[in-house]
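Visitor: I would like to understand the labels people attach to a structure like this one. Could you take me through the reasoning behind them?

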Amino acid sequence: MSFDPMDRLMSLCVPSLNLRMHRSLIDSLEIQSCYLLSEHSCLASGFGSIHFVLLVSRQGKVRLTKWYSPYTQKERSKVIRELSGVILNRGPKLCNFVEWRGYKVVYKRYASLYFCMCIDAEDNELEVLEIIHHYVEILDRYFGSVCELDLIFNFHKAYYILDELLIAGEIQESSKKTVARIISAQDEMVEAAKEEAGSISYIIAQAS
Amino acid sequence: MDNLFQRSLEDLIKGFRLQLLGDSSFISRALEEIRREIKATDLSTKSTALHKLSYLAAIHGVDMSWAAFHALEVVSSSRFHHKRIGYQAITQSFHDQTSVLLLITNQLRKDLNSVNEYEVSLALECLSRIGTRDLARDLSPEVFTLLGSSKSFVRKKATGVVLRVFDKYPDAVKVCFKRLVENLETSDPQILSAVVGVFCELASKDPTSCLPLAPEFFKILVDSRNNWVLIKLLKIFSKLASVEPRLGRKVAEPICEHMKRTVAKSLVFECVRTVVSSLSDHEAAVKLAVAKIREFLVEDDPNLKYLGLHALSIAAPKHLWAVLENKEAVVKALSDEDPNVKLEALHLLMAMVTEDNVSEISRILMNYALKSDPLFCNEIIISVLSVCSRNAYEIIVDFDWYVSLLGEMARIPHCQRGEEIEHQLIDIGMRVRDARPQLVRVSWALLIDPALLGNMFLHPILSAASWVSGEYVEFAKNPYELVEALVQPRTDLLPPYIRAIYIHSVFKVLVFCLRSYFSAQESSSGSSSTVYESILNLVNVIEIGVWPLSGAYDVEVQERAKNVLGFIGMAKQDIAKKVNLQDNEAEACRVTAFMEDAFSEELGPISANAREKVCVPDGLELEENLGDLEEICGKFLKPVESDSVSCTDKITFSVSNLRIRDQQEASSSTSLPPKESSSLLAEHRKRHGMYYLTSEKNDPDSNGTPNDYPPANDLASEILLDPLDPKRKAKHRKSRPVVVKLDEGGESRITTSQAKTKQESVTDDESLSRDIQSALLVNKKGKEREKCEGNSNLVVQEEETSRIEKPQNSEKKKKKKKNGERTSGKHRSRRRSEVASSSEQVEIPDLLL
């Protein structure tokens, strides 16, 4: 039995094609109205006290992990295994909260990706759902109808955006515009530096 | 030139998706490559390698602690691009024990002082994640400076970091707290919410220390229209209201306002939660909250439904009416497809249970248990069992019903709670005299049910049923059927230890039947042949059933079977003789009479701490090490050993042990000639009276042991239904049978020890809260006057409102106020001892609101 690399690639691409058909992660869920449909269009920062953030695909592949509370590498893999087992098996019409080891895990599915955040039992679940939605919206704006592949290849950018959104497990920036502005400013700085590094004069200076 | 040929992160990811090697070997090859590249002197090569490594660590769980020093090198680069990669790696992999952590302080300080705000933000993020006590101490001046930064981007991040700094290094409070409080008055919404977030966490750790800031919080609560800030504020107030009840009255109104006005469900939910958890004394607020909960419950959204139920369960202990009002919705939620919703509904339903509706609710739940999945089914069973048995079956009035319910539970196909049901069947048998006839009926029904024998989870129930039918055989309508059930051939499906109990029960039934047969003979000389027939029949059935077991592998089963057979062998002749000779002195007659005596002694429940109440006799050295003794007189002691074991062997007063001991007595006595055995038994009882359950027959304090486990009937006269409650009596057709209940004296001790640990944990947080309080005092100094004015206005208002209210209430209020004053008085004295400050500062808490 021979493997054709092309086959494999195609099969791997299928979910992402699906995503493109959805146009974006957000489209499908935009309708499910936000719990924080407030008079203020922008969210303000708060104190989510989120313990960790996980992005897991429907196949159980990890796409992003961010830990705000200390966990060893072993614990991390255990948590991921446990949670993806619980969450991926939940049906579509169930509520978005899972009680887990005395904590609550709030999750939401966008196309093929599950966004999960772990909070304390007495924290506001709806607020966290809102943070998740907010994050996805920012990603969508940044990548232009984001899909899973975008996050796979730009894993670090998803991180940087998350860092602008949350600090020490609290939401710190609620305006999508502001986050977008900050991220693009940083991107520009990096680009400028790269150009400089790529210029012939720099290479000569290095070589000599 | 290395980096021209280096694989970038993107190459790595692409390669990973194309590779055919298998994940682990691809990762190990990539790691090899990274290890080589990361040693390069060129920072861009190094940083790319580090970038790849942190990708592998984040997604594939690769260990990256070995690269800690390389991460530090990358961070020290002047380029933002490298710094970012380095800091990301550090936040991802560093922890308190990382050895190179000491080297990062200066780098962080440099970046915190950088002119580039993005570099500052990187350093702040890093500090927020890895900050240790040392880092917090060394960098608190920088954080303090940044708290006053003109750039709101930096200021808000610095605010986010403050909490970690406070947590690790409480002394920082003295420095930074003032700035933090100042930020409460900022107009920038982002900074405001960051600060409120910090106070939210501080308040949840120690509410009292944040109490002096209540006026500021209150102002924001009234003015702000930002839902995110409001949610945090509500959390703060729910904490503060728990230590300062007067606050509740003040904030109830604005909270209701928010609840009415907002359309944001998350804010509504937070309001509801605050009201039901912390403001549960405020009627109007609670009513509004319950109305909102009802709105949640009727929504289609499973999230809201779940949260509605959750809020109800918070309200349940104080406002049961709220749950009762929504009973229909709760019952409906039991059939929801979401297990979380179902579980929450079940808890609520159990909270509703009272002695009036327990049968109705159990009926509903049993129907659900029959048709739901195994997990939820057992959840239902266990919660019904635990609620009904709470506090010695407090809510059960009709035990006949409850016993039948237990029998029903055993027949639910998914039931796996055999052990708990076993325990309750036996427990009820011992505690509740009036329930015994029904108990025997139910047990018999369980014993003949073929389904139970095949389910190993239910075997414990059968063991209880067989014990009950043996122990309380005098209530059985038809002992013959009972015996048939106990010796049915399918019992070989049971494990040996349960079969032993079966055989012993057969023995008890047999003794009972023979005894009543003999005594009937004694009284009426004319014996009918039908009685003789039936007793012979019974003996035969037993013999046929037990005979095969005399060759069983299990010694326990074998021995007991042989005991029964031996007894039958002895009795059979006498039964036959009896018909002809009418000899009163027949051996079997005496033996059965004796056995009957042995079995008729009643077993009662035992207090959980009965053993502790046995006082140690004077002169008994329990602590002394007897190891040497063995050496010296080992030889002499050996022959006596068996005896001494029985002396020292502590018998734990558990039901199972009692049962076994009981059986041992019986079996040992049958193997000996009756006269000898009875004298031995009497001697044993004389010597080890303290291990026997006391009964009316022997005097309670023969051995100086306190009588703390009286038999069931002893307490009967003491515990009576409340005679002052005629309603209750009239309602129920029959009054509640007596349930033997023993005082659990150990409880009070447990609570005090808990309180102690609580206090200890409080002292841990003490330093932080003390710092906050002293910082607050210093802080307030300047604003004192204006605050006083504002506050006194509030006080006046408050007094006016209270004056308008009805006089009945005012008395109550006064009382409350006094309480409040007393608590604040405590603060005062505490403050005074800590900070020797002027008297006007001390007044702050009183002018709170």
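Guide: Gladly. Let us start with pairing: two strands pair if DSSP finds at least two bridges between them. Keep in mind that this is a predicted model.

Visitor: What makes S1(A) and S2(A) a pair, and in which sense do they run?

Guide: Strand S1 (residues 52–57) and strand S2 (residues 62–67) of chain A share five bridges, and the rule asks for at least two, so they pair. Their sense is antiparallel. Val56(A) in the first strand stands opposite Val62(A) in the second. Together S1(A) and S2(A) form a hairpin with four residues between them, and Gly60(A) in that turn has a positive phi of about 90°.

Visitor: How do you know that S1(A) also pairs with S5(A)?

Guide: The same test applies. Six bridges join S1(A) to strand S5 (residues 113–120) of chain A, and at least two are needed, so this counts as a pair. These strands run antiparallel. Val56(A) has Tyr114(A) as its bridge partner in S5(A).

Visitor: Why is S1(A) described as largely enclosed?

Guide: Because six of its six residues are buried, S1(A) is largely enclosed by the rest of the structure. In a regular strand, side chains alternate between the two faces of the sheet. Here both faces are covered: Phe52(A), Leu54(A) and Val56(A) are buried on one side, and Val53(A), Leu55(A) and Ser57(A) are buried on the other.

Visitor: Let us turn to charges. Why is the contact between Glu37(B) and Lys52(B) called a salt bridge?

Guide: The N to O distance between their side chains is 3.1 Å; the cut-off is 4 Å, so the pair qualifies. Glu37(B) lies in helix H3 (residues 23–37) and Lys52(B) in helix H4 (residues 43–60) of chain B, 15 residues apart. The two also belong to a network of salt bridges that links them with Arg7(B) and Glu33(B).

Visitor: Are Glu37(B) and Lys52(B) buried or exposed, and how do you know?

Guide: Buried means under 20% relative accessible area. Glu37(B) has 12% relative accessibility, so it counts as buried. Lys52(B), at 1%, therefore counts as buried too.

Visitor: What makes Lys83(B) and Asp111(B) a salt bridge?

Guide: Their closest N and O atoms are 3.1 Å apart, and the limit is 4 Å, so the name fits. The pair links helix H6 (residues 80–93) to helix H7 (residues 104–112) of chain B, across 28 residues. Lys83(B) is buried, at 3% relative accessibility, and Asp111(B) is buried at 2%.

Visitor: How many salt bridges does the search find over all chains, and how many across the interface of chain A and chain B?

Guide: The whole structure has 35 over all chains, and five cross the interface of chain A and chain B. One that joins the two chains is Lys232(B) with Glu127(A), at 3.2 Å, N to O; the cut-off is 4 Å, so this pair passes.

Visitor: What makes up the side of chain A that touches chain B?

Guide: That side divides into 37 nonpolar, 17 polar and 21 charged residues. In total, 75 residues of chain A are in contact with 72 residues of chain B. The two chains bury about 6,400 Å² between them, 54% of it on carbon and sulfur atoms.

Terms used. Residues are numbered from 1 along each chain as its sequence is written. Chains are lettered from A and ligands numbered from 1 in the order in which they are written. This is a predicted model: local features need pLDDT of at least 70, side-chain atom pairs count only at pLDDT 80 or more; totals for chains, interfaces and linings use all residues. Side-chain values use heavy atoms; hydrogens and water are left out. Contact means heavy atoms within 4.5 Å. Buried area is the accessible area (1.4 Å probe) that two parts lose on being put together, summed over both. Ala, Val, Leu, Ile, Met, Phe, Trp, Tyr, Cys and Pro count as nonpolar, Asp, Glu, Lys and Arg as charged, and the others, Gly among them, as polar. Buried means under 20% relative accessible area, exposed over 50%, partly exposed in between (1.4 Å probe, protein chains only). Helices (H or I, at least four residues) and strands (E, at least two) are DSSP runs, numbered from the N terminus.
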